[in-house]
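Visitor: I have a model to look over and would like a short tour. Please take the whole chain before the details.

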Amino acid sequence: ISEDVASLVQATVRAVSKGKLQPTGAALTLTPSAVNKIKQLLKDKPEHVGLKVGVRTRGCNGLSYTLEYTKTKGDSDEEVVQDRVRVFIEKKAQLTLLGTEMDYVEDKLSSEFIFNNPNIKGTCGCGESFNI
């Protein structure tokens with residue numbers, strides 16, 4: 001792991017029908033729950049400017065999102081700013097995230113970021129990987 005990037009968390013991916021999400025023109029929209037969690041995560045990390053979303057080849061269905069703290073915006077990153085929270089999307093992940101809603105969900109057994117993505121054709125049983 002480089003000095004600028006620290007691995008953060010795993011994220012779950014959910015396929016949703018295109019009608020369930022309102023088109024915003026942004027590559028990624030954040031729910032209030034996601035905004036609050038990102039603010040909480042970054043509160044004690046003044047050297048980090050936001051979170052970076054990437055996509056990696058892994059899992060039983062092909063692709064998986066990654067979330068990392070970041071100190072800088074990469075040259076080809078797309079920046080999404082919502083309620084003073086900055087999320088940077090790596091170039092490789094930009095097309096897969098178009099129109100996606102990023103949420104944060106907590107229950108008795110787990111807490112995680114969830115990507116509600118209308119572009120996904122299929123996910124694995126655990127929701128960790130997906131294909132488009």
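Visitor: What area does the protein chain expose, and what percentage of it do carbon and sulfur atoms supply?

Guide: This is a predicted model, in which local features need pLDDT of at least 70 and side-chain atom pairs count only at pLDDT 80 or more, while totals for chains, interfaces and linings use all residues. Residues are numbered from 1 along each chain as its sequence is written, and side-chain values use heavy atoms, with hydrogens and water left out. Accessible areas come from the Shrake-Rupley method with a 1.4 Å probe, and for residues only the protein chains shown count as cover. The protein chain exposes about 7,300 Å², and the carbon and sulfur share is 50%.

Visitor: How many helices and strands are there in the protein chain?

Guide: Helices (H or I, at least four residues) and strands (E, at least two) are DSSP runs, numbered from the N terminus. Their order from that end is β-β-β-α-β-β-β-β-α-β-β-β-β. The count is 2 helices and 11 strands.

Visitor: Why is strand β7 described as largely enclosed by the rest of the structure?

Guide: Buried means under 20% relative accessible area, exposed over 50%, and partly exposed in between (1.4 Å probe, protein chains only). Strand β7 covers residues 85-89 and is largely enclosed because the buried ones number 4 of the 5.

Visitor: Which residue in β7 is the bridge partner of Glu78?

Guide: Two strands pair if DSSP finds at least two bridges between them. Strand β6 (residues 78-82) runs antiparallel to β7, with 5 bridges, and the two form a hairpin with 2 residues between them. On β7, Glu78 is partnered by Ile89.

Visitor: Which residue stands opposite Phe88 in β7?

Guide: β7 also pairs with strand β4 (residues 50-57), in the parallel sense over 3 bridges. Opposite Phe88 stands Lys52.

Visitor: Which residue has its backbone oxygen 2.9 Å from a polar atom of the side chain of Gln94?

Guide: Gln94 sits in helix α2 (residues 91-97) and is buried, at 18% relative accessible area. Leaving out residues up to four places away in sequence, Gln94 touches Ser76, Asp77, Glu78 and Ile89, where contact means heavy atoms within 4.5 Å. The backbone oxygen in question belongs to Ser76.

Visitor: Which element gives the largest share of the largest nonpolar core?

Guide: A nonpolar core is a set of buried Ala, Val, Leu, Ile, Met, Phe, Trp, Tyr and Cys residues joined through side-chain atoms within 4.5 Å. The largest one has 24 residues, and those with the most contacts inside it include Leu28 and Phe115. Elements giving two or more residues include β7 and α2. The largest share, 5 residues, comes from α1.

Definitions and conventions:
Polar contact = N/O pair within 3.5 Å; in protein donor to acceptor, adjacent residues only side chain to side chain.
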